[in-house]
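Student: I should like to learn how to read an interface between two chains, and then a nonpolar core. Where should one begin?

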Number of protein chains: 2
Amino acid sequence: MENWLTKRAQLSPDHLAVQYQETKLTFAQMNDQVQHIATQLAQIAQNEERIAVITSNQLQGYLMILAVQQLGKTIVLINRRLSAREIDFQLKDAGIQVVVQDNDFHLTLSVNKQVSFAEVLAIPVTELINPVADFDLNKVTSIMYTSGTTGNPKGVMQTFGNHFYSAIGSALNLGIMTEDVWLAVVPIFHISGLSIMMRSLIYGMGVRLFEKFDVHAINKTLLSGEVTTISVVPMMLTQLLSDLPAGTRYHKNFRTMLLGGGPTDLTTLQRATAAGIEVVQSYGMTETASQVIALDAANAQRKIGSAGKPLFPVSVRIAHQDENRHGRIQIKSPTLAVGYLNQPEKYANTFENGWFDTGDMGWLDDEGFLYIDGREGDMISSGGENVFPDEIESIFAKLDAIKQIAVVGVPDEKWGAVPVAFVTFTDGKSLSRQELRNFGRDMLAHYKVPAHFYNASELPRTASGKVQRHKLPHLIAESSEIK
Amino acid sequence: MENWLTKRAQLSPDHLAVQYQETKLTFAQMNDQVQHIATQLAQIAQNEERIAVITSNQLQGYLMILAVQQLGKTIVLINRRLSAREIDFQLKDAGIQVVVQDNDFHLTLSVNKQVSFAEVLAIPVTELINPVADFDLNKVTSIMYTSGTTGNPKGVMQTFGNHFYSAIGSALNLGIMTEDVWLAVVPIFHISGLSIMMRSLIYGMGVRLFEKFDVHAINKTLLSGEVTTISVVPMMLTQLLSDLPAGTRYHKNFRTMLLGGGPTDLTTLQRATAAGIEVVQSYGMTETASQVIALDAANAQRKIGSAGKPLFPVSVRIAHQDENRHGRIQIKSPTLAVGYLNQPEKYANTFENGWFDTGDMGWLDDEGFLYIDGREGDMISSGGENVFPDEIESIFAKLDAIKQIAVVGVPDEKWGAVPVAFVTFTDGKSLSRQELRNFGRDMLAHYKVPAHFYNASELPRTASGKVQRHKLPHLIAESSEIK
């Protein structure tokens, strides 16, 4: 397939491509700027196969991601919120020597070159280099790391084909119109945000980019009719509704709120409907290149609690069903990543007879709607971020003073869920709450640091000695917090 | 990919799939009927790899086509208007033993079984057979014959992937909305009609099927708001506009008139715009599985005479350019047929370095809009049908009385163009106009029979003896018609 960006610049040169704050770029303008940046990047990363980009949702970072793609190099997208230790692991795994980063990113990383966007943009350009002519659907264009329930983060390799079929699956579900503008406040370093960028190129659609979840500013935009679609996590939906004056309805141009990162409740749905919002709940992950299951607004109330039906190119099955038809959720889809970088066997192990095992448990009703029981691995979904207890536990276990630690998610009004920890100290040693928090802040992204640390004399375990996480929340009432 | 029909019955069971006259079927209902028919068909064509369907645009034929597909057999679509001789050639070429046909189709063909739809529907069903689980994108699902400028008709083999990418390319150009209903009056045995059927499955879109081009009935439907899209040839557009009372505008729900089979003129375009019609001109052929180039309404007047720009998955180039950048129009597209049945070398010969040579000449302007100069092979586009002079000439050349014949297209108010013939008789022999017409009617589809037969003493020829077709129209004024 022809290079999507240059193709779009040909097909829809004067159509809005991206708006950030007051800056609007058409596809022709965006293409010009991206080709300029690509030429600059080539001068500092000529021989690199992969370039890492560290950015918040701002225009320079947006263009930088596209520029890496224009060079035919793989974009390694780094979560802006990770600690230096976490980022270094990913950079090393991906063999990264060149990192381009937000002007206000200040961590020192273990690579040859850390170059700010400002420095890239200052590189003199004499002659523009040629972008790649084609986007080979089998070629890996992006890598983003996902923490698993066990072991190190895995670099999920996404091809152009994965992004293409993801965009098409979404289009066949939500429809596409030339007037569509998709608001991106979910991070562009996550698949939720990157997939909006790729849809923009494929559809010829405008993106309205927001750096921060400023609930007022976003509500104002949704009321203005300037955007038609937004991707949100449940926390955002709740905050948008709270901020909306009673009786106010969103603009009729605004047609879809795509909700990922967990289901929502009936009350919230009803409030959304009253405000004229069509909420499309969805389910997907980095490995599936965004949503693969979606629940349309028409069925939202009738099928409350369901994640919906598989998108047109996607198949879902429940394997290893118990007597109530509950079992493991497995997926076939042309959007499935082609592998974990450097860990082919680990990715292969997630497949069963050609079906990708999501790690989630669930069931299908008679009409084919999927219901998710929960994550096999006790993943915590906190403010749109996936947090895995195993990872947090393994970090804290490095402290001599800690004898045992178990982490579990508990519901939280603001974030949906937050991790909390149950700790037993080594005899004769102890740490204060502040010391535990400081250690966590040094080693982990802030949202992974447990919100509360409880003293635990003993942890509930199975016969074989495995901690029974699901029993932990019941201990909170009888436990004291570490001072 | 999962079977599109059963998938749609799962995803959009209650959505309109097809309406014919007063009968409306949802996807669930249509799937039920099609599976029933597939089971009946299996009983008369169990071991056939291919089944031929001869039908006008009516519901039974529509369901029959889908039923063949559900069995995993290849549909051979026969032009309802061909003569028995022409059909027999195609059936033999495709190795067809079973033909299912309109109840009012009465030609006798050289096959084992000719079964009317009524006979198929009368076959008792005890247990439904299982449809194919998957639609393999590489599998040939349809074959339709196209006459070339030379030689015998060629069976164009279209895969599921061809139809899928065609539908996606169209969606990325025209947009898709859940409320879309596409009016199909172009023949479903041609790619223009079959592609609407395939889009319906892929998009979950309703089709409004019309058997005949009843200009009143179709205008009434377009005015009602019940359809959003229609495919037409230029003759239909002209007639619809003529029939429309002055000052009338089509319903606002009606959003696209997709025009194929030749460009239109500025006056017609302006009349269409005044009637609220967004005309999207397009260019495609059987080998490209429908439109590959399209001109959006926004550019229609500014780029009058252009066929538009290549759709998102499509690339176009002008090969062998002359000093004015005119040359051969060549195409790359995932919609390109995988071959001509039994004539792989003939198909391979239409490619140059991986590019499909359309046989048309043209040029690209600086903005990438394609202009078509004309068919290298003097094809006549008559009422949406492609007519090739060589074929007509070779049929008439069989008559002893005819010494020489040359056919060329001339403009016609009703059909866009019609073939006319210039004839010289063998010494001492001659035929009347009526005898020539009768012979033509026996041997050819009626639209291929020359509208006029002129006496020609001598035909204009090149030095090498080839008839100069482009000079023929100038001879009409000075020629007498055969009585």
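Tutor: One begins with buried area, which is the accessible area, for a 1.4 Å probe, that two parts lose on being put together, summed over both. Please keep in mind that this model is predicted.

Student: How much area is buried between chain B and chain A?

Tutor: Chain B and chain A bury about 2,400 Å² between them, and carbon and sulfur atoms give 62% of that area. On the chain B side, Leu172(B), Ile176(B) and Phe312(B) lose the most area to chain A, together 28% of what that side buries.

Student: Which elements of chain B each supply at least two residues of the side that touches chain A?

Tutor: They are the helices α1 (4–11), α6 (160–174) and α7 (191–203), together with the strand β15 (306–310). In total, 29 residues of chain B contact 29 residues of chain A. The chain B side divides into 20 nonpolar, 4 polar and 5 charged residues.

Student: How many salt bridges and polar contacts does one find across the interface?

Tutor: The rule finds 0 salt bridges between chain B and chain A. Polar contacts, however, join 10 residue pairs, counted with both residues at pLDDT 80 or more.

Student: What is the general idea behind a nonpolar core?

Tutor: In soluble globular proteins, nonpolar side chains tend to be buried together. Here the largest nonpolar core has 228 residues, of which Met30(A) and Met30(B) touch the most other members. Leaving aside residues up to four places away in sequence, Met30(B) touches Leu5(B), Ala17(B), Val18(B), Leu25(B), Tyr62(B), Leu63(B), Leu66(B) and Leu201(B). A second, separate core of 42 residues includes Leu341(A), Val387(A), Leu431(A) and Leu436(A).

Notes
Residues numbered from 1 in each chain as written. Chains lettered and ligands numbered in written order. Predicted model: local features only at pLDDT ≥ 70, side-chain atom pairs only at ≥ 80, totals over all residues. Heavy atoms only, no water. Contact = heavy atoms within 4.5 Å. Salt bridge = Lys/Arg side-chain N within 4 Å of Asp/Glu carboxyl O. Polar contact = N/O pair within 3.5 Å; in protein donor to acceptor, adjacent residues only side chain to side chain. Helix = DSSP H or I, 4+ residues; strand = E, 2+ residues; numbered from the N terminus. Nonpolar A, V, L, I, M, F, W, Y, C, P; charged D, E, K, R; others polar. Core = buried A, V, L, I, M, F, W, Y, C linked by side-chain atoms within 4.5 Å. Buried < 20%, exposed > 50% of the residue type's maximum accessible area, 1.4 Å probe, protein only.
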